[in-house]
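Trainee: I'd like to go through this one with you, one question at a time. Let's put it on the screen.

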Amino acid sequence: MAKRFEQTTGPSQRQQRVAELIRHALAEVLSRGDLQDDVLTRNVITIPEVRMSPDLKLATAYVMPLGGRDEEAVLKALDKNRKLLRQEVARRVNLKFAPDLRFRRDESFDEAARIDALLRSERVARDTVKPAADSPDDDSE
């Protein structure tokens, strides 16, 4: 019987491995300044994560400029240079097909800041402080 594609809990090991290779290739291209785009050369861009589609033909790169400045301009510049970036990734990563690249804003930093603010809130701090309970009597003589 033919094996059916079932929804799994996460990406396969192959998807993760290819995503990491593409992430490294993109980071190398952007850090070397191979692109002749003022916005991309002016900003330091971090790529914390790349996610691959199950067929490995679509790579979604989550990017964030260092300091969070010029996010929209950076995303537009990456989309404008998508074809050149795809060629560079294909040269560096040996795959049967060069994946199409999609660039999205990385929101994990915002989520981390939100959680940090919640943990520092007064309601949570109230729950983490130990109550001043009566100290147990020392019975050892």
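Trainee: In this predicted model, D106 is buried yet has no salt bridge. Which side chain of opposite charge is nearest, and how far away is it?

Mentor: Buried means under 20% relative accessible area (exposed is over 50%, partly exposed is in between, with a 1.4 Å probe and protein chains only). A salt bridge needs a side-chain nitrogen of Lys or Arg within 4 Å of a carboxyl oxygen of Asp or Glu. Lys and Arg count as positive and Asp and Glu as negative, with His and the chain ends not counted. On those terms, the nearest opposite charge to D106 is R51, at 7.0 Å.

Trainee: Let me note the ground rules. It's a predicted model, where local features need pLDDT of at least 70 and side-chain atom pairs need 80 or more, while totals for chains, interfaces and linings use all residues. Residues are numbered from 1 along each chain as its sequence is written, and side-chain values use heavy atoms, with hydrogens and water left out. Now, leaving aside neighbours within four places in sequence, which residues is D106 in contact with?

Mentor: D106 sits in the loop between β3 and α5 (108-119); helices (H or I, at least four residues) and strands (E, at least two) are DSSP runs numbered from the N terminus. Contact here means heavy atoms within 4.5 Å. With the neighbours within four places set aside, the partners of D106 are P48, Y62, V63 and M64.

Trainee: V63 caught my eye. Which residue in β3 is its bridge partner?

Mentor: Two strands pair if DSSP finds at least two bridges between them. β2 and β3 are joined by 6 bridges and run parallel. Within that pairing, V63 is matched in β3 with R105.

Trainee: And M64? What stands opposite this β2 residue?

Mentor: For that one, look at β1 (residues 45-52), which pairs with β2 in the antiparallel sense over 6 bridges. The two strands form a hairpin with 5 residues between them, and L56 in the turn has a positive phi of about 60°. Opposite M64 you'll find T46.

Trainee: How many of the residues of β2 are buried?

Mentor: In a regular strand, side chains alternate between the two faces of the sheet. β2 covers residues 58-65 and is mostly covered. Its buried count is 7 of 8.

Trainee: On to the helices. Which residues of α4 are buried, and within what arc do they fall?

Mentor: α4 spans residues 82-92, and its buried residues are L85, E88 and V89. The cover over them includes α1 (13-32), α3 (71-80) and β3 (100-105). The arc is taken from the directions from the helix axis to the C-beta atoms. Down the axis of α4 the buried residues line one face of the helix, because they all fall within an arc of 100°.

Trainee: Which exposed residues sit on the face of α4 turned away from the buried side?

Mentor: One of them has a salt bridge too: R91 reaches E88, with the closest N and O atoms 2.8 Å apart. E88 has a relative accessible area of 15%, so E88 counts as buried, whereas R91 is exposed at 63%. The exposed residues on that face are K83 and R91.

Trainee: Which residues make up the network that includes E88 and R91?

Mentor: E88 and R91 are 3 residues apart in α4, so about one helical turn separates them. Salt bridges that share partners join E28, R32, E88, R91 and R92.

Trainee: What N to O distance separates R32 and E28 in their salt bridge?

Mentor: Both residues belong to α1, 4 residues apart, about one turn of the helix. R32 is exposed at 57%, whereas E28 is partly exposed at 33%. Their N to O distance is 3.9 Å.

Trainee: Which residue forms a salt bridge with D79, and with what closest N to O distance?

Mentor: D79 lies in α3 and is partly exposed at 34%. Its partner is partly exposed as well, at 32%. The pair is D79 and R82, at 2.9 Å.

Trainee: Last one: how many salt bridges does a search of the whole structure find?

Mentor: The search runs over a chain of 6 helices and 3 strands, following the pattern α-α-β-β-α-α-β-α-α. Of its 141 residues, 28% count as buried. The salt bridge total is 12.
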